[in-house]
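Please look through the sequence and the structure shown here before reading on. The paragraphs that follow lead from one feature to the next.

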Amino acid sequence: QVQLVESGGGLVQAGGSLRLSCEVSGLTFSNYAMGWYRQAPGKERDFVAQISWTGSNTYYADSVKGRFTITRDNGKNTVYLQMNSLTPEDTAVYYCVAGDHKVTHPDYVDYWGKGTLVTVSS
């Protein structure tokens, strides 16, 4: 059974930082592009960040570029999202995703985690 398990969500004040983790099992981790989506209450689920198989290439949504950093550790089957300079607009459930080529559109996502809630207070 393929599992993507997120952790690290919580409450943080505006301007603060948080790091999310996603531990993957049940697949060959290094063969998959990984990424993150987020969904705020009443809004669509939006792409946040992507990282390639080896971690050489990354891609970010404009809304988080320069503030968020995605990394991966293939030895630990784990992907991370470092979030800095957080604002209330970043409040959402964050989902870890995996795809065999890319994850920049939901149609290309093969596996979804259950999500972890990030709340940014003003």
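How many disulfides does the structure hold? This is a predicted model, and it holds 1 disulfide. The bond joins cysteine 22 to cysteine 96, with a distance of 2.1 Å from S to S. The two partners come from distant parts of the chain: cysteine 22 belongs to strand β3 (residues 18-25), cysteine 96 belongs to strand β9 (residues 92-99), and 74 residues separate them. The torsion about the S-S bond of cysteine 22 and cysteine 96 is about -85 degrees, and the disulfide is therefore left-handed.

Are the two cysteines of this bond buried or exposed? A residue counts as buried when its relative accessible area is under 20%. Cysteine 22 has a relative accessibility of 0%, so it is buried. Cysteine 96 also has a relative accessible area of 0%, and therefore it is buried as well.

The next topic is the nonpolar core. In soluble globular proteins, nonpolar side chains tend to be buried together. In this model, the largest nonpolar core has 36 residues, and those with the most contacts inside it are Met34, Trp36, Leu81, Met83 and Tyr94. Several strands take part: β3, β4 (33-39), β5 (45-51), β7 (68-73), β8 (78-83), β9 and β11 (116-121) each supply at least two residues of this core. Which strand gives the most to this core? That strand is β9, with 6 residues.

Leucine 81 serves as an example of a core residue and its surroundings. When residues up to four places away in sequence are not counted, leucine 81 touches Leu18, Arg19, Leu20, Trp36, Val48, Ala49, Phe68, Thr69, Ile70 and Tyr94. Two of the names in this list, Trp36 and Tyr94, are also among the residues with the most contacts inside the core.

Strand β3, which holds cysteine 22, also contains serine 25. Serine 25 has a relative accessible area of 32%, so this residue is partly exposed. Leaving out residues up to four places away in sequence, serine 25 touches Gln1, Val2 and Gln3. Serine 25 and threonine 71 lie 46 residues apart in sequence, and their C-alpha atoms are 17 Å apart in space.

Another residue to locate is valine 12, which has its place in strand β2 (residues 10-13). Its relative accessible area is 12%, and so valine 12 is buried. Apart from neighbours within four places in sequence, valine 12 is in contact with Ser17, Leu86, Thr119, Val120 and Ser121. Between the C-alpha atoms of valine 12 and threonine 54 there is a separation of 31 Å, and along the chain these residues are 42 residues apart.

Attention now turns to the loops. Which value of phi does asparagine 77 have? Although asparagine 77 is not a glycine, it has a positive phi of about 50 degrees. This residue is placed in the loop between β7 and β8. With a relative accessible area of 25%, asparagine 77 is partly exposed. Residues up to four places away in sequence aside, asparagine 77 touches Cys22, Glu23, Val24 and Phe29; Cys22 is one of the two cysteines in the disulfide. Asparagine 77 and glycine 55 are 22 residues apart in sequence, with 12 Å between their C-alpha atoms.

Serine 85 likewise has a positive phi of about 50 degrees and is not a glycine. Its place is in the loop between β8 and β9. The relative accessibility of serine 85 is 41%, and so serine 85 counts as partly exposed.

The last feature is the largest pocket. How much space lies in it? The largest pocket holds about 190 Å³ of space. It is lined by 15 residues, and Arg38, Ala40, Lys43, Asp46 and Glu89 are the closest to its centre. Strands β4 and β5 each supply at least two residues of the lining, and β5 gives the most, with 3 residues. By class, the lining consists of 7 nonpolar, 3 polar and 5 charged residues. Strands β4 and β5 have already appeared in this account, as each also supplies at least two residues of the nonpolar core.

Key. Residues are numbered from 1 along each chain as its sequence is written. This is a predicted model: local features need pLDDT of at least 70, side-chain atom pairs count only at pLDDT 80 or more; totals for chains, interfaces and linings use all residues. Side-chain values use heavy atoms; hydrogens and water are left out. A disulfide is a pair of cysteine sulfur atoms within 2.5 Å. Helices (H or I, at least four residues) and strands (E, at least two) are DSSP runs, numbered from the N terminus. Buried means under 20% relative accessible area, exposed over 50%, partly exposed in between (1.4 Å probe, protein chains only). A nonpolar core is a set of buried Ala, Val, Leu, Ile, Met, Phe, Trp, Tyr and Cys residues joined through side-chain atoms within 4.5 Å. Contact means heavy atoms within 4.5 Å. On a 1 Å grid over the protein atoms alone, a cavity is a set of points where a 1.4 Å probe fits but cannot get out, and a pocket is an open set with protein on both sides within 12 Å along at least five of seven lines; lining residues have an atom within 4 Å of a point. Grid points are joined across faces, edges and corners, and a volume is the space filled by probe spheres set on the points. Ala, Val, Leu, Ile, Met, Phe, Trp, Tyr, Cys and Pro count as nonpolar, Asp, Glu, Lys and Arg as charged, and the others, Gly among them, as polar.
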